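I opened the model to look up two things: a contact between chains and a sheet. My notes follow the structure.

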Amino acid sequence: MNIKELPDIEYIISGTGACAGCPSTIGLRLVGKALGENAICLLTPSCAVASMGMTPKTCYSFPALNICFASAGASGGAISMALDALYAKKKLEGEKPVVFAWVGDGGTYDIGFQGLSAAAERNDDFIFFCYNNEAYSNTGNQRSGATPQYVPTTTSPLGKEMVQKNVPLIMLEHRPPYVATASLAYPLDFYRKVEKAKKIKGFRYIEIHMPCCTSWKFPASETIEISRLAIRTGSWLLWEAENGKLNLNGVTADLAAGKRKPLPVEEYLKAQGRYAWLLNSPDKDYYIGNIENNIRRELEFMAGRAKL
Amino acid sequence: MDKKIVQPISRPVIGAGGLTGTWRTHRPVVDPSLCNACLLCWIYCPEAVISREDRTIDYTYCKGCGICAAECPRKAIHMEREESR
Amino acid sequence: MTKIFDSGNAACALAVRDVGVDFVAAYPITPQTSVVEKIASYIAEGEMDAKYLPVESEHSAASAVAAASAVGARVFTATSSQGLLYMHEILHYAAGGRLPIVMANVNRAVNMPWCLYVDHQDAVSQRDTGWIQLFAASNQEIYDTVILAYKVAEEVQIPVMVNYDGFLVSHSSMPFETLEPSKIQEFLPPLNPAWRLHPQWGGTFGNVTPSEEYVPYRYALTEDLKKAGEVIMRCLKEYEKLTGRWHGGYFETYRPEGAEYFLFSMGSMGKEMEIAVDLLREQGIAAAGLRLRVFNPFPEEELAALLPAGAKLLVFDRNLVYGSAGGALLQLAKAALFNRRDSLQVTGISLGLGGEDLPASVLVAKAREMMEVCK
């Protein structure tokens, strides 16, 4: 698959309310090309909702239901199951649409976490996309369970004390049919994963790294470059798993196998204003040391996990 | 019985976020002589304003984010300051 | 038509089975649990052709049925007390989103303190979410009201809550009759909404809405909720023609002829009130029972029209409006009767909270106390 073979269909209609350089709309465009027209989306409060246009207008060409913040897990599964009932009883004709949820890290890691875990455990038949910008960006950059260690936000002004949750890993250990991570720096890898997910029945979880220029404080034009640096430094890992069987992808696989050294994480940090305080701190080496230790740990962990 | 739609429904329309072209301070300008139609700018545009066919840009909605210019492998796109802003 | 001798929860589950629901999602809570257990077993045994999502909380149960309803499925959920409270934001969502959900709420007191027994605080505290609220007091009435609820919900596109008392009714076995599927289909047409969440219908549901767009939706809901009363009455009369059964309109009245004192209540208390009325009548007091069946939309005009000049309305609330003189029925009755210019009087108490036992003797004693107030 190369870019020129990507379908024409556009889930995004120009003139959205998103910030210039927003990765969410880029992500949705790729999702749309993989999932096609016969799809139904479930949305919870997040950037993608705040920017989708106000009643009666929207910038999304796909049918979508906006529901309460904590409801993604339950509602995604319910839509899918209700469709099953209606198609089985012939109350609807044709092919059942693919059901997907497009949820921010808040609705996945925090307020929606219970529902997410339950949906995975029940093996509800839909694709749960978490588009992760590592904060509550929609409401002005408050900390979330996905915010990395040391990152200052409006509700963690001195820098977040704890490391972020690893929800893709938690999902991996629910062992649903498909779990994957993705990056916009590798759009065809993302496209491939969505296409693959579309063909699988049961619960599928795909988390995409979403560098947010507004909250992370970098120029809008660098959204893709920051995504790339995240992968090359090992700050974001690319992998996929079917029924708990893990495969690392691309650069991540090479980093984990030691075939390639990760780029020094400072390259990634210095490109983002949210780490400026750390880079200017007298304890900078201590913090960077911790971050790199964590990266090493995660790579070693995932390399070992991939052997199971 | 013909029921009225009583739910709060929205329909897809261009410019749902307004005339977003007015947001930008810089506009991307494509040099067709350098372009090799790799389509990276097309797929990376958050607003889908770059034409797949010929890389013309819908400046009514282009926000001037500059991702296209940053990602173009041929440096065929450069960002020009908007004169009137 | 089958004759059954079983609990209120069983009656509810059978109605859900017979109505032809497409999708059920529910979370167990005492005293609702056997409703969902029975439904799960009907589905597992092939008696009921529906899908069941075993959700992990009531908030998720409500979210699930709301989303399923948006797709155009006929849905059901059930809960009580804390579960109902946990659903609260979705209750608003469903009413404002005009989703024809039917939910059974088995009335139970709310925490703190923790109590498993009946009172109406759970339902009453959700009054302003925009749901239609009906109260059933016998197992036959539960069965009939659940079926009615679907017809009303789908016609007016407002969700309906069918309330009945926890343990007193939910766990009491009474004889009742079910309805043949053909008769139910006569009464209840297939669900065919004007809009569905589906690529063939398109559109997004529930975007952020600016003020000027928001306002009409709010007024539409309250207007349609008011008009729903007439729809409920019309459907009740249709149902009576179909089955010969009539539990009452907005009210079930007991011995209203020549009455001076009207003993006003909701739920199973209203049935026990019949015995209290008989006792008072024996003592020469012109008492009548007035059991409210439609809590929301509250029948203001019908109550005002029903009470003769100089009547005394004695309100028995099984709930509290904290900081006020009594409960919700007292407030609603006073508001409804405000424009009466005769010597009509209204007084009320709250009792039976936390499942406090209310035999007829207690009701008689309380009625007499209230009659003193009205002197």
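These entries take the chain contact first and the sheet second.

Before starting, I noted that this is a predicted model, where local features need pLDDT of at least 70, side-chain atom pairs count only at pLDDT 80 or more, and totals for chains, interfaces and linings use all residues. Residues are numbered from 1 along each chain as its sequence is written, and chains are lettered from A and ligands numbered from 1 in the order in which they are written.

Entry 1. I looked up the contact of chains A and B, which takes 33 residues from each of them; contact means C-beta atoms, placed from the backbone, within 7 Å. On the side of chain B that touches chain A, strand 1 (9-12), helix 1 (40-44) and helix 2 (67-71) each give two or more residues. Helices (H or I, at least four residues) and strands (E, at least two) are DSSP runs, numbered from the N terminus.

Entry 2. I checked the strands across this contact. Strand 2 (residues 57-58) of chain A runs parallel to strand 1 of chain B, joined by 2 bridges; pairing needs at least two DSSP bridges. Thr58(A) has Pro12(B) as its bridge partner.

Entry 3. I turned to chain C and found an open sheet of 5 strands, order 10-12-11-14-15, with mixed pairing. Strand 10 (251-254) and strand 15 (345-350) of chain C are its edges, each pairing on one side only.

Entry 4. I followed strand 11 (residues 261-266) of chain C, which pairs with strand 12 (residues 287-292) of chain C in the parallel sense over 6 bridges. Met266(C) is bridged to Leu292(C).

Conventions:
Contact = placed C-beta atoms within 7 Å.
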